[in-house]
Amino acid sequence: MKKYLLLLLFISQFGFSATITNIPPPNFKHYLMDFDDCDACGCSASGGGMGFSSMLDKNFVGVRYFNQSYSSRDGIFKNSPWIDENFNTVQLWARIPVFKNFQISALVPYHFHNRELSTGRQTIEGLGDITVLGLYTVYQTKKDSTVFTHMLQAGAGVKAPTGKYNSAASTGSVNPSFQVGTGSWDYLLAAEYVIKKQDLGFNAMLNYAFKTENDQHYQFGNQLNYAGTFFYVVEREKFTLVPQVGLAGETYATNKQYGEDIPDTKGDILFSKVGLEAGSGKFSVGLNAMLPISQNLTGGRVEANYRWSVNLNYSL
Amino acid sequence: MNFQLKNIAAVLAATSLFVSCSNDDDNGSKVVEGAVGEAELFFDNGMAGDALDLGNAYTNSNGETVTVKKLNYIISNVVLIKEDGSSFVYPKAENYFIISEEKGQFTVHLENIPVGDYKKVKFGIGVDQQRYLEGESAQKSFWDLAYANDMTWTWSIGYRFINFEGTFAETSDHGRHEELPFQVHQGSNSATDNYREVTLDLPTTARVREKELSSIHIMSDINVLLDGDTKILLHDNLNAGGTAVSIMGGENLIKIAQNSLKMFKVDHVHNGPGSHHE
Amino acid sequence: MLSPLLFLISCDNKSDYEEVNARMDFKVPSNFPALAQEIDRNYPTERGFELGRKLFHDTRLSSDGTVSCAFCHEQASAFTHHGHAFSHGINNLEGVRNTPSIQNMAFQSQYFYDGAAVSIEMLSIAPIHNPVEMNETLENIAVKLKKDKSYVELFSQAFEDQEVSSNNILKALGQFMTMMVSANSRYDKYVRKEPGGNLSEQEKSGLELFTQKCASCHKTDMFTDSTFRNNGLPPNSKLNDLGRETVTGFASDRYKFKVPSLRNIALTAPYMHDGRFGSLQSVLNFYASGVKHSETLDPLLNANGVLGISLSADEKEALIAFFQTLTDEEYINNQLFYFKT
């Protein structure tokens with residue numbers, strides 16, 4: 001059981017990178033590795049989520065909802081009003097094992113975002129960018145009786161432009177990420193390391209997304225995501241609880257159009273995160289929240305307020 | 001057998017999803033000789049970095065608190081310049097525009113611009129002397145348009161390049177704490193040519209393409225007119241009765257013309273088939 | 001039934017335009033200085049001139065339909081307002097300046113006493129819009145004229161775009177004024193050695209005195225150098241007319257007024273920008289002993305510690321005799337500028 005938990009934790013940490021939800025890895029049967037290719041602040045564009053099933057059954061289906069709240073300055077002046085932007089995503093995901101030590105995971109997000117500009121309410125909704133990722137377990141502690149157990153996983157993947165990118169949606173505002181997709185094929189590299197002693201564990205995650213130019217000649221900046229999470233496994237007869245706490249950060253390079261840097265589009269942010277997952281039988285639920293500790297997004301013209309998510313998984 | 005079919009079907013389905021989304025159509029990037037596109041200059045008026053709202057009070061570094069009631073100006077002789085220095089001069093006959101805060105007229109719309117990549121924009125504030133001396137034959141309906149926007153003088157015949165009016169109060173101890181009206185009417189007269197041109201760099205390239213609109217978003221700073229490189233105190237320009245300020249001639253207009261060189265800067269450029277600014 | 005009519009109309013239009021709107025004959029008199037306006041931009045044509053003349057005499061150019069240009073600019077007085085120091089416009093509102101003459105406009109680069117206009121086409125804007133003169137706008141005038149078929153026809157014949165527009169109203173008036181050349185006074189004929197150009201001894205003496213004592217400002221056969229000068233008139237305390245400073249805003253232009261042409265001077269009393277002198281005698285008395293010092297007083301009237309121009313009684317008489325020779329009878333009686341309203 002512990003071994004499986006470990007694996008779960010490990011996996012869930014994986015996609016965690018700052019994507020939209022940045023959900024802490026661990027836990028339990030379904031990990032929501034929220035691997036979200038968050039482009040330039042806001043990251044609504046892909047909002048992927050990587051999920052892994054429990055060790056009991058590697059095949060699973062799950063659904064998750066997450067909400068991101070941002071404020072952006074509606075105008076070019078110091079005293080231009082700040083408006084709220086709400087990014088909502090519902091995600092389906094599944095995990096398919098291919099062969100020993102290798103898994104493929106897919107994420108299908110659907111977005112519905114809104115914001116109140118000074119010119120009126122703007123909404124955008126639609127299918128987001130589908131992500132497919134392959135992960136290989138490079139090393140895993142075999143002996144049961146060791147004090148510390150370790151696991152290292154590495155992998156690569158791709159995010160497809162299934163979500164529509166329409167420059168008009170973000171024209172006229174400072175936030176270039178009010179989109180449902182990046183319109184580009186993006187390539188991902190990821191690595192994760194988990195160390196555990198008895199019920200307490202720590203997960204470190206790193207991933208990097210290479211973004212390409214879309215057909216409207218817009219290219220989002222490459223993105224680096226990282227996270228560190230402490231988790232504690234409380235195992236009881238009929239259920240298991242895994243509370244967790246940690247930090248997660250995202251760094252975005254400058255966006256470009258026609259190969260030319262667009263000023264004030266790069267950024268970085270550091271979140272604190274806290275969450276809880278609970279599972280019983282084939283079902284599990286999770287709840288997670290993130291609050292920014294420090295940030296400087298789009299030249300200070302966009303601010304992240306918070307993120308939270310809730311999910312429900314069923315192992316097949 | 002079943003398993004294989006299912007798998008194949010799944011793979012095919014996944015592939016088709018990806019294929020339908022990728023779009024190799026690259027009609028936006030090419031520069032076709034002889035093709036034309038549109039561009040616009042969108043003027044976003046402000047006072048020292050804050051948005052200009054008619055009726056709001058602003059205090060400048062001269063210690064004077066100004067409430068703007070009217071801000072109109074004439075933009076003319078627009079030229080788009082490429083990296084190699086070559087330029088496109090917009091046709092003279094249509095190259096005179098009026099920006100009016102009260103009427104919500106903020107856009108200079110330009111059509112039939114040769115497609116290309118432009119790095120700078122140049123334009124004039126007001127009406128150039130050469131055009132003015134050509135008289136009515138040349139100006140035609142622009143005089144009517146200017147008249148309708150309070151941008152003409154009829155006692156000394158000419159155009160007001162900038163019509164900047166409102167009230168002001170004094171915050172220092174001059175012994176006055178009332179709201180007095182002021183009018184600043186920048187323009188040329190038969191003695192002085194106060195027309196000025198500015199060349200602004202575009203922070204990113206304006207890519208004019210067929211069926212696309214390149215929007216150049218310009219931020220203006222009205223504060224520099226009185227509180228620029230040269231300071232003009234409204235208090236020092238009160239009329240004989242001390243009841244109002246009327247700046248319409250003389251040395252003041254020469255100072256304002258000089259100050260106005262720093263009135264504009266390009267905030268950003270939008271390219272592509274995006275929507276116009278409101 | 002209609003088609004033959006249409007045929008006639010469509011046929012006539014174009015040929016009418018070309019046929020009837022011939023260019024007029026504008027000549028620069030040989031003793032005149034060069035043109036100061038680009039008249040080729042708006043060269044006088046027959047229809048354009050007629051239209052301008054009609055407009056000049058039309059009271060619809062004022063807001064209440066009572067005042068036309070001709071109301072203050074009377075041909076018999078060389079297009080000034082006979083006997084009026086100030087004129088009254090609509091609603092009997094009085095102006096603050098003496099009506100200047102309209103003559104030889106194409107040879108001037110500055111108009112009005114303070115240089116408020118520099119273009120012969122644009123200058124009409126000032127009196128039309130002045131609230132105490134005609135108090136009207138070009139837009140409104142166009143609306144009124146569009147209701148008048150005779151105007152619609154004239155505009156369509158006079159201008160290529162055939163529009164009753166502000167633009168064309170100003171151009172028509174500009175063409176009319178371009179043709180208003182006064183160059184056939186007895187003095188002109190004397191200078192050009194034409195028949196009728198005889199000057200008496202006193203008049204010749206006046207001419208010589210004039211050349212010595214007045215021509216430094218009243219230069220050329222236009223009798224002006226088109227500059228703005230303070231000639232020492234004590235300011236009218238009630239009006240305090242700042243003159244050129246009103247237009248330029250420079251204190252150095254205070255109390256300076258344009259040097260007027262002296263042509264037809266015998267007809268254009270009262271004199272000076274505010275019509276304060278009723279006779280040429282008073283004018284010369286002023287120059288001889290009435291000039292007052294001020295900061296912007298013209299240096300030519302403040303030479304060698306002497307204010308003004310010293311003139312004896314005989315000299316004044318000779319000058320006045322000379323001034324009579326500047327009257328151009330042909331100009332004030334020319335039917336070309338006359339319009340029966």
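Two strands count as paired where DSSP finds at least two bridges between them, and that criterion underlies the first stop of this tour through a predicted model.

**First stop: a three-stranded sheet in chain A**

Select β11, β15 and β16 of chain A, which make up an open sheet of 3 strands, arranged in the order β11-β15-β16 with antiparallel pairing. Residues 218-219 (β11) and 260-261 (β16) of chain A are the edges of this sheet; each of these strands has a single partner, so one side of each is left without a neighbour in the sheet. Now narrow the selection to residues 256-257, which are strand β15 of chain A, and display β16(A) with them: the two strands run antiparallel and are joined over 2 bridges. One residue pair to label here is A:Q257 with its bridge partner A:E260, the latter in β16(A).

**Second stop: a hairpin in chain A**

Move next to residues 102-117 and 120-127 of chain A, strands β5 and β6, whose antiparallel pairing extends over 8 bridges. The connection from β5(A) to β6(A) is a hairpin of 2 residues, and A:L117 can be picked out standing opposite A:G120 of β6(A).

**Third stop: an aromatic pair**

Over all chains the structure holds 44 aromatic pairs, and one of them is found by selecting A:Y165 and A:F220, whose ring centres are 6.0 Å apart and whose planes meet at 90 degrees, so the pair is edge-to-face. A:Y165 belongs to the loop between β8 (148-159) and α2 (167-170) of chain A, while A:F220 belongs to the loop between β11 and β12 (223-232) of chain A, so the pair ties together parts that are 55 residues apart in sequence.

**Fourth stop: where chain C meets chain B**

Finally, show chains B and C together: 27 residues of chain C are in contact with 23 residues of chain B. The two chains bury about 2100 Å² between them, with 58% of that area on carbon and sulfur atoms. On the chain C side, select C:R41, C:M122 and C:F250, the residues that lose the most area to chain B and that together account for 25% of what that side buries.

Which kinds of polar link appear between chain C and chain B? There are 7 residue pairs in polar contact (both at pLDDT 80 or more), whereas the count of salt bridges is 0. To see which elements of chain C take part, colour α4 (125-129), α7 (166-178) and α10 (245-248), each of which gives two or more residues to the side touching chain B; the largest share, 4 residues, comes from α7(C). Coloured by class, that side of chain C shows 12 nonpolar, 11 polar and 4 charged residues.

Conventions. Residues are numbered from 1 along each chain as its sequence is written. Chains are lettered from A and ligands numbered from 1 in the order in which they are written. This is a predicted model: local features need pLDDT of at least 70, side-chain atom pairs count only at pLDDT 80 or more; totals for chains, interfaces and linings use all residues. Side-chain values use heavy atoms; hydrogens and water are left out. Contact means heavy atoms within 4.5 Å. Buried area is the accessible area (1.4 Å probe) that two parts lose on being put together, summed over both. A salt bridge is a side-chain nitrogen of Lys or Arg within 4 Å of a carboxyl oxygen of Asp or Glu. A polar contact is a pair of N or O atoms within 3.5 Å; within protein, one must be able to donate a hydrogen and the other to accept it, and residues adjacent in sequence count only if both atoms are side-chain atoms. Ala, Val, Leu, Ile, Met, Phe, Trp, Tyr, Cys and Pro count as nonpolar, Asp, Glu, Lys and Arg as charged, and the others, Gly among them, as polar. Rings of Phe, Tyr and Trp (its six-membered ring) pair if their centres lie within 6.5 Å; planes under 30 degrees apart count as stacked, over 60 as edge-to-face and the rest as tilted.
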